[in-house]
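Reader: Could you take me through this chain as a set of questions, with the reasoning behind each reply?

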Amino acid sequence: MKIEKISKVVDGIPCMSLVKAKEITNFILEKKPENILELGFFHGVSTCYMAGALDELGRGSITTIDKVRSQECDPDIEALLDKLELKKYVNFYYEPFSHLWRLMKFIEEPSTPKFDLCYFDDSHTWYDTGFAFFLVDKLLKPNGYIIFDDLDWSFDLWVQADTSGTAKEEPRVKNMPEEERKTAQVRKVFDLLVKQHPSYTDIYELDILTGWGIAKKIG
């Protein structure tokens, strides 16, 4: 399905911008991954764009994970995929606490590794993203890719941009040390864990909005 058709349906819904949608679509059409893992989908906009790219290829699937509370989004991921008739490409997992538990379940399955591409867009903390990277590494096929969204995002930037004032009142933000709030934690994962990992090559960044970090697992 062409990106323009998807854009008309998801326009104005958080979180993936059209700029990033074009990048992920081109990436999928070029690399042709068969099995995609997505960590964090919120309303499901990014999932729709990736499913649209798979639809253009005529094959593939997306396994996407988010918290149970994402079902409260209006519209939610399933409503958007239904409207675009792309639901057949997507498997959903709604977790009560964290995607980390579901990743453990995947690792316990006998048929690992299983994914050609993983798109990280959840939690944005050193703790969750750092641990998730090592779990995903066990699930990623040789020559598979990882894309980290929001390299330069921080909780402090989120609070500053939130005109409603609700972000700063979130318990996890209020209780977070100042250094952690101001640090781009996904970048720390990319710079200190991914770049220094011996199993990854072709490591580069795309300067789009808050940035992407991309790495390829050695075959």
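The exchange below concerns a predicted model and goes through strands, a helix, backbone geometry and cores.

Reader: How many bridges join strand β1 to β2, and how do the two strands run?

Author: Strand β1 covers residues 35-39, and strand β2 covers residues 61-67. One pair that can be located in the model is L39, which stands opposite I65 in β2. The link between β1 and β2 consists of five bridges, and the two strands run parallel.

Reader: Which helix joins β1 and β2 in a right-handed β-α-β unit?

Author: The unit is made of β1, β2 and a helix that spans residues 45-57, and its handedness is right-handed. The helix in question is α3.

Reader: On the β3 side of β2, which residue is the bridge partner of T63?

Author: Strand β3, residues 90-95, runs parallel to β2 and is joined to β2 by six bridges. The chain reaches β3 from β2 through helix α4, residues 77-84, in a β-α-β crossover that is right-handed. Within β3, the partner of T63 is N91.

Reader: How many of the residues of β2 are buried?

Author: Strand β2 is bridged to β1 and is also bridged to β3. Buried here means a relative accessible area under 20%, and by that criterion β2 is mostly covered, the count of buried residues being seven of seven.

Reader: Why do the buried residues of helix α5 lie on the same side, and what arc do they cover?

Author: Helix α5 takes in residues 99-108, and its buried residues are H99, L100, L103 and F106. An α-helix has 3.6 residues a turn, so residues three or four places apart point the same way. The buried residues of α5 are therefore on the same side of the helix, since the arc they cover around the axis is only 110°.

Reader: Which exposed residues does the opposite face of α5 carry?

Author: The buried residues of α5 pack against β1, β2, β3, β4 and α6. At the N-terminal end, α5 is capped by S98, with a side-chain oxygen 3.0 Å from the backbone nitrogen of L100. The face turned away from the buried side carries the exposed residues W101 and E108.

Reader: Which peptide bond is cis in the loop between β2 and α4?

Author: Most residues other than glycine have a negative phi, and most peptide bonds are trans. One cis bond in the model runs from P14 to C15, with omega near 15°, and C15 belongs to the loop between α1 and α2. P75 lies in the loop between β2 and α4, and the cis bond there, with omega near 0°, is that from D74 to P75.

Reader: Is H124, with its positive phi, buried or partly exposed?

Author: H124 lies in the loop between β4 and α6, and its phi is near 65°. N143, in strand β5, also has a positive phi, about 75°, and is partly exposed at 44% relative accessible area. Because the relative accessibility of H124 is 12%, H124 counts as buried.

Reader: Which element gives the most residues to the largest nonpolar core?

Author: This core has 34 residues, of which I24 and Y49 touch the most other members. Elements that give two or more residues to this core include α1, α2, β4 and β7. The most, seven residues, come from α3.

Reader: Beyond its neighbours within four places in sequence, which residues is I24 in contact with?

Author: I24 is one of the residues that touch the most other members of the largest nonpolar core. Leaving aside neighbours within four places in sequence, its contacts are M16, Y49, M50, Y119, I147 and W212.

Note on methods
Residues are numbered from 1 along each chain as its sequence is written. This is a predicted model: local features need pLDDT of at least 70, side-chain atom pairs count only at pLDDT 80 or more; totals for chains, interfaces and linings use all residues. Side-chain values use heavy atoms; hydrogens and water are left out. Buried means under 20% relative accessible area, exposed over 50%, partly exposed in between (1.4 Å probe, protein chains only). Helices (H or I, at least four residues) and strands (E, at least two) are DSSP runs, numbered from the N terminus. Two strands pair if DSSP finds at least two bridges between them. A crossover is right-handed if, with the strands pointing away from the viewer, the path from the first strand over the helix to the second runs clockwise. The arc is that of the directions from the helix axis to the C-beta atoms. Contact means heavy atoms within 4.5 Å. A polar contact is a pair of N or O atoms within 3.5 Å; within protein, one must be able to donate a hydrogen and the other to accept it, and residues adjacent in sequence count only if both atoms are side-chain atoms. A nonpolar core is a set of buried Ala, Val, Leu, Ile, Met, Phe, Trp, Tyr and Cys residues joined through side-chain atoms within 4.5 Å.
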